[in-house]
Each structure stands twice: as structure tokens, then as C-alpha cells.
Amino acid sequence: MNLHVKFPSGGFRGLIDSYTHTRGESIYLDDIPEISGTLFGACFDSPIAHGVIKDLDYSEALKSEGVVRIFTSQDIPGRNQIGGIVEDEELLAESKVHFCGMPIALIVATSEESARLAVKKVKVKIDPLPVITDPREAKEKNELIIPPRTFKIGDTASSFEKCAYVFEGRADSNGQEHLYIETQGAYAVPSENGSLKIYSSTQGPTAVQRACSKVLGIPMHQLEVDVTRLGGGFGGKEDQANAWAALCALAAFHLKRPVKYALHRMEDMRMTGKRHPYSSDFKIGLSKEFKILAYEATFYQNAGAAADLSPAVLERTLFHCTNSYFIPNVKATAYSCRTNLPPNTAFRGFGGPQGMFVIESAIAKAAEELKVNASEIQKRNLIRTGEEFPYGQIAVSEANECWVKAEELYELNKATQEVRNFNAENKFLKKGIALMPICFGISFTKTLMNQARSLVHVYSDGSVNISTGAVEMGQGVNTKILQVAANVFSISPDKVKINSANTFRIANTSPTAASAAADLNGRATMMACNEILGRLKIVGAKELGCKPDEIEIREECVYANDGKSKLDWKQLVMLAYTKRVSLSEHAHYATPDIHFDLKAEKGHPFSYHVYGTGIVTVTLDCIRGIYEFDSVKVVHDFGQSMNPVIDKGQCEGGIVQGIGWMTMEEIIYDKEGKLKSNALSTYKVPDVYSAPKQIDVHFLETKNNSLALFNSKAVGEPPLMYGIGAYFALRNAVKAFNAGSLISFDAPLTPEKVLMALYSGKS
Ligand code: MTE
Ligand code: HPA
Ligand code: MOS
């Protein structure tokens, strides 16, 4: 099967969107032409993090130029509730506010400027209540979103007694701003009989549909949600696009006019949740031979003021708390702690990276105490096929293959020696090197979400139109789905068009998340295409006087028993149409054989795991505390990549985003719960200068991937976790300068923290 789809204009294009992107023709929410009479929304949001609303006075705002109406919780015809997993989140604050940035009122005006001007004229009196920003404090006060969960295998207590070495410590990782280029937003247009069409920048069209249905108190069939593409989501629009869509829907419902609200960058940063900060304790026990015999971890997740997706994120922290290692005795407990910050949410890796940072910290601590390279411990404990994860799934592992290949390909011994030589020769410049193995489970951890549908139409001219629930956000899912149809039918890709994700064409969709969109929606598309192909073969066989299974389509020509026939693709399609054979199909795919027992905390939640090994090298300026990443070299388990251009791009993007999280992106809330890093001038993401000078991605072709689309393993999230290696490379560079540094396991390791660490612990 030739998966590398060729475009008729010659050559291979990685992404079908590249053409319109580079010409500025791609349509995002803000590019949708506004219907005349469109109104614009803006939120008045809480200036303080916790308190009781005593008085809300918007009389001045109402008089402000262009203002049409102001909505509060009182105007909600259905339920003032947008909590997905737990019903604990009001769309508009009723009597209490729980975080700075919590929407209190929606102002609707004839222009964006008028709406935002009026926001400034709203006055509110709030009696303050105590503010919690720290998850450990929240846990102490029993402010938990859900009861704690514990994953367990073997018996840690008795195992520690048998360990030659036991180390304990604490590790903290901070949040991360999604910083999708396109901010959150929605556009709601009223239609007949009280129904609405909602354009939303969301990863989850059905989530938006459900939220609007709940808020308006109307059935889901009245709500058409349409998503053409996103300018990035990264998890931030899995759940948190709902509020803005519901606000637009609320206003459009009452005013019977189209209403649009696209957030400004600072509103987005202030009002929306981010990656969860975690504070964690660990205890690790090793044998004399550096086998990890026992591991305990306690995770305090900073959930923010409402559940949002936190319980699911918490679960994935536990699933990935041993990263790619086999540890026979594990006990990991996780608390989802309620604080007065905006509700934190999905972010590439979905809690997994936070769990992996802790085990890597534990290994680093052990290595430093034992005066060996962490890689000595890492390598010896990589999980092997047949070994068990703490949650009961048996590994089909590529961990060793990836590691060994990386060692060879990138000449690890030589690279390590070069770092040593460099450090011996340089006093104020130090290099650090670290290895980062990864292991990430593919599937939504909630089994029921692993389903998808695809609607395929073949038109009488032979062109094909496909709808699924997958949302294109730069990750290339539409291109992969297009490849499916082009391959099953063996037709030119330019005969295939991928439609917007739309709740009237595809119902009950899972969000485009968990890296599973291509697997789920691609599989459903494959089923639908195969169904239509089967019908076409029957038609062809009748016409050509052979059996259906003797018919084959190759590059738009119809073959009977390997001989080229008089029919081509177009003629076959037309023939089927004239014979009144259906040229459309709606197929349903559900990932087979996955299950999880929440009582026992055991099961087989993932269809497969993705593995890899990264080697990160950094050069540190020990006078200034600034650093540059020389290279990130990875061997990544792609299965058999169906689109290397896209997959390489996902690796590069994920790596840089991971490095940003671990080394420079610093979210700062003050004690009052106010976001200090609330703009791009105070929140630094990697730019072209801070990205690694070299990123090498080696495609390790692996087997055991039959559940992946075309054996091509999911790629969206896993590469982010190579970025964790950046923290440890940098830490090693600091230790090379000052072996006694009191550097803590506290990410991001910003230049400021590096500078302090370089000169800490010295008498
Ligand atoms: N890549 C781009 N360019 N933009 C994005 O928003 N989101 C990531 C990843 N890669 C994202 C991205 C996240 S969080 C996920 S879960 C996957 O893409 C989702 O898409 P997939 O399931 O098609 O891999
Ligand atoms: N991953 C990503 N998003 C999700 C998941 C998951 O496992 N579960 C619910 N939303
Ligand atoms: Mo990705 S965090 O699952 O949207």
C-alpha cells in the first residue's frame, strides 16, 4: 500500500492545509463573514479570587454607547451549569466568585469596542473570603474535587525494607499557558424555531452542543455546532471552549440576533485554565544492582476552582507515574485539590508529563546520591514485553529498542565523553546531557469515549466528501483521514474533501484529544469507505462478468482479475448510481478490547503504548544563568508512519513545547490568586532562539501496532515528554559547575532559578 499520497500537481505535501495557510486563505472563527446585525459580547469578570457578591451595578454600563443588553445568571433559561465531569461550575457567577477572571456578566453591544468599554463601567462589591492557591494547603483543608485515588501493585512497605538504597524527596512542576495562536471564541447565529448554529473554536463540538443545551434548556437537536479548524488547541479547547459558546448562545437566544465573542489575548490568559501545577512527594527504593524495587508517590494536583477535566487528568498522572519503567512494587496516590485559580484543564500529555517528571526526579535523586549517571538506573529498569504496569495492563514494549537504538545512532558514549571533556576544559561554561525515555498510553482513559463515526459520500462525478468528528488544529488529522479515503478507493487525493466537524452530520463525538483522533475517526472512515467499495465491486463484477472479489481499483482504473477493464473510477461510480446503489455510508468505530475497573483500579485501558528515547544536551553560561539547548535527538516509535512530514512536525512542536514548560514558561499567581504573568511581555514561550539548535527525529519502525490507523501510531502528545529531559540536562550542567548546589526539583528551571542554584550551597 502506498501511503505517501501524491498530489497531482506533483510532489508530496505534508498537510492539505498548507496551501491555504500560506496564502492566508484558511478560515478560522474570526474569518467567518459576519452577518449584518451581528452583536458582540464581552465579559465582566471577577476582580478577586474568592468572595460573596454583595452588589452588582451595571447601570452605567447599560447607558454606555452601543450597549444592547447585559446578561447575568438570572437570564439563563436552562441551568447555570457548565461542569462536564462534576456539576460544580457556574457559567455566570450567581452569589459567589471562586477565581479571578470568573465571568459575572456578559455585555452585548453593537461593536467589540463598545462592549469592552462598557465592561469597564460595571461596578461590583464583593465581600472577600479566604483565598487558597496552594494544592497542599487545599488538601489540608479537605478541599478536594473528588476522593483521592490510589494505584497499587505489589507491596511497597515490605519492599523498602529489602532495598539497598532508599531515597525520598519532593518534586514540583508548574502550569503552562496553552497560548494557542487563535484565542477562544464563538459565534452564535439564530435559526428557525428557536434553533441555533454555533461556530466555535473548540476541540469538542459535542461538548459545546451539550453545554449550550443545558444552559438554554433546549434539546441538542436544536444546536448545530460547526468547526472548520482551530489555530491550535493543545487541550485548552477540549472543555474550555464551552463557556464562550454558551455565552454567545445565551445572548443570541434572547436577542434573536447573531452574537460573537472572540477573546483578547489578556482576557484569554486571565479567564481560562492551564496545565495543572503539581506538587508531589516521592520515595524510591533500589537494589544493589540499581533495580527499582519499590516506588511511592503522592501527587497534589492544583485543580483550580472547579473540576473541569481535573479528575481525568489526575487519572492519567497515575497511569504514567512509572513512565517507561517496570517497578514491581508501586503505591501512588493522587489528590485533586480545589484552589481559587481558574479551573485547570487538559494540556498536551493530560497529566502524564506531571507524573513522569516525578519518577524522573526520583531517579535523578538516586543517581546523584549514588554518584552514577541517571541513565544507568533508567536503562536497567525499562519495561519489557510481558511485564505489568501498576494498573494491570501487560506491556508490549518498545522501550529497550528505542533506548538501544538511540545509544547507537547518536553515539551516546562519545557524546557523554564530549560533555565531560568540555566541562573539564571550561570554567564558566558547562554542558549537561540527559536521557529521557517516554511511554504514553493511547486511548481516552474513559473507555466509553473511544468511539467515532464517519459519514462518507461519493458523488456521481466520483468526488468524495467526508465528515467526522475530528477537529483540525494543525496536527494534520484531516490529511490523515483524506489519506485513508484516497488509499481505500485508490483515487487521487484531490478527489477527496474533508468537511468541517459538524454536530448535525456527526453526532455524539468525543473531543479531538488523547492523540486518538486519527485512530478513531480514521478507522471509522476506513470502515465507511470499505463498505462503499464493496458495493462498487458488486456493480463492477456484474458489468464485467466476474466475481466481486476479483475486482480491484488501482489508481482510478478498474481491474478484473488483474486485467485492466474498460471502466475507470468515475464510470464505475456513475454505473452504481444508475443502478440505484447507495454511494453513501455512515460507519461507527469503537476501539476493541479496552476496559478498566474503577473499583479495582486495574484493567486494559489503552489500545497500545507509544515509546521513545530522547537525548538532550544543553550549554549553560554559569556567570549569567542563561543556556542554549544544543540538541534534542530522539528515537521515536511511530509504528509505520503514514505521514512522516506531519509526524516529524508533531515531534518537533511537542519537543519545543515540552522544553518551554520545563525551562522557561512561568505562570505566576500572587497570594491573592491574581495572574501576574498575564501577557506575552511577562510570559515567555520558546522562540526561534531558545528552541534547540538541532532536533533529530529517527523513525523507529515497530510492529505490534495493528490497532493504530494503517499501523501508524498516534503522535500528538507523546513527543512533548522528551522536553522533560531538558530539565535534567540543565540540572546536570548546574551540578557540573557546583556539585553541592541546592537545586530543587522545581520546574520550570528558569534562568533566574538556574543562577540561584549555581551559587547555592557554597560556603
Ligand atoms: N498540534 C498542533 N499543531 N496544534 C494543536 O493544538 N494539540 C495536541 C496534538 N498536537 C495540537 C497539536 C494535542 S493536546 C492533542 S491531544 C493532539 O494533537 C490531538 O490531535 P490528534 O488526536 O489528531 O493527534
Ligand atoms: N486524554 C485526553 N483527553 C481526555 C481524556 C484522556 O485520557 N479523557 C477525557 N478527556
Ligand atoms: Mo490533548 S491534552 O488530549 O487535547
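Which side chain does aspartate 647 meet in a salt bridge? The partner is lysine 480, with 2.8 Å from N to O. Keep in mind that this is a predicted model. With that said, here is a walk through the domains, the two ligands and a few backbone oddities.

**How the chain is divided**

The protein chain splits into three pieces: domain 1 takes in 18-26 + 451-590, domain 2 covers 32-130 + 178-271, and domain 3 is made of 278-445 + 599-759. Let's look at where domain 1 meets domain 3. Their centres, taken over C-alpha atoms, sit 39 Å apart. Contact between them involves 20 residues of domain 1 and 21 residues of domain 3. Together they bury about 1500 Å², and carbon and sulfur atoms account for 59% of that area. On the domain 1 side, the residues that lose the most area to domain 3 are Lys480, Ser515 and Asp519, which together make up 37% of what that side buries.

Lys480 turns up again in the polar part of the story. The rule finds one salt bridge across this interface, and lysine 480 itself pairs with aspartate 647 in a salt bridge. Polar contacts across the interface come to eight residue pairs, with both residues at pLDDT 80 or more. As for secondary structure, helix 14 (477-489) and helix 15 (517-544) each bring at least two residues to the side of domain 1 that touches domain 3. Helix 15 gives the most, with six residues. By residue type, that side of domain 1 has eight nonpolar, nine polar and three charged residues.

**The two ligands**

Around ligand 2 you'll find Glu238, Arg316, Phe350, Phe444, Thr445, Met449, Ala513 and Ala514. Ligand 1 has 18 residues around it, and the closest are Gly233, Phe234, Met473, Ala517 and Gln650. Here are polar pairs for both ligands, side by side:

| Ligand | Ligand atom | Protein atom | Distance |
|---|---|---|---|
| Ligand 2 | nitrogen | glutamate 238, polar side-chain atom | 2.6 Å |
| Ligand 2 | oxygen | arginine 316, polar side-chain atom | 3.2 Å |
| Ligand 2 | oxygen | threonine 445, polar backbone atom | 3.1 Å |
| Ligand 1 | oxygen | glycine 233, backbone N or O atom | 2.7 Å |
| Ligand 1 | nitrogen | glycine 474, backbone N or O atom | 3.4 Å |
| Ligand 1 | oxygen | alanine 516, polar backbone atom | 3.1 Å |

So what sort of atom does glutamate 238 offer to ligand 2? A polar side-chain atom, set against a nitrogen of the ligand. For ligand 1, glycine 233 offers a backbone N or O atom to an oxygen.

**Backbone oddities**

Most residues other than glycine have a negative phi, and most peptide bonds are trans. Phenylalanine 234, though not a glycine, has a positive phi of about 55°. This residue is in the loop between strand 11 (223-227) and helix 7 (242-255), and Phe234 is also one of the closest residues to ligand 1.

The other one to check is the peptide bond from alanine 747 to proline 748, which is cis, with omega near 5°. Proline 748 belongs to the loop between strand 30 (745-747) and helix 19 (751-758).

**One more salt bridge**

By the rule used, the salt bridges come to 40. One worth a click joins lysine 260 and aspartate 30, with 2.7 Å from N to O. This pair links distant parts of the chain, 230 residues apart: lysine 260 is in strand 12 (residues 259-262), while aspartate 30 is in the loop between helix 1 (18-22) and strand 1 (39-45).

Methods:
Residues are numbered from 1 along each chain as its sequence is written. Chains are lettered from A and ligands numbered from 1 in the order in which they are written. This is a predicted model: local features need pLDDT of at least 70, side-chain atom pairs count only at pLDDT 80 or more; totals for chains, interfaces and linings use all residues. Side-chain values use heavy atoms; hydrogens and water are left out. Domain bounds come from an automatic or database domain assignment. Contact means heavy atoms within 4.5 Å. Buried area is the accessible area (1.4 Å probe) that two parts lose on being put together, summed over both. A salt bridge is a side-chain nitrogen of Lys or Arg within 4 Å of a carboxyl oxygen of Asp or Glu. A polar contact is a pair of N or O atoms within 3.5 Å; within protein, one must be able to donate a hydrogen and the other to accept it, and residues adjacent in sequence count only if both atoms are side-chain atoms. Helices (H or I, at least four residues) and strands (E, at least two) are DSSP runs, numbered from the N terminus. Ala, Val, Leu, Ile, Met, Phe, Trp, Tyr, Cys and Pro count as nonpolar, Asp, Glu, Lys and Arg as charged, and the others, Gly among them, as polar. A residue is near a molecule or strand if one of its heavy atoms lies within 4 Å of it.
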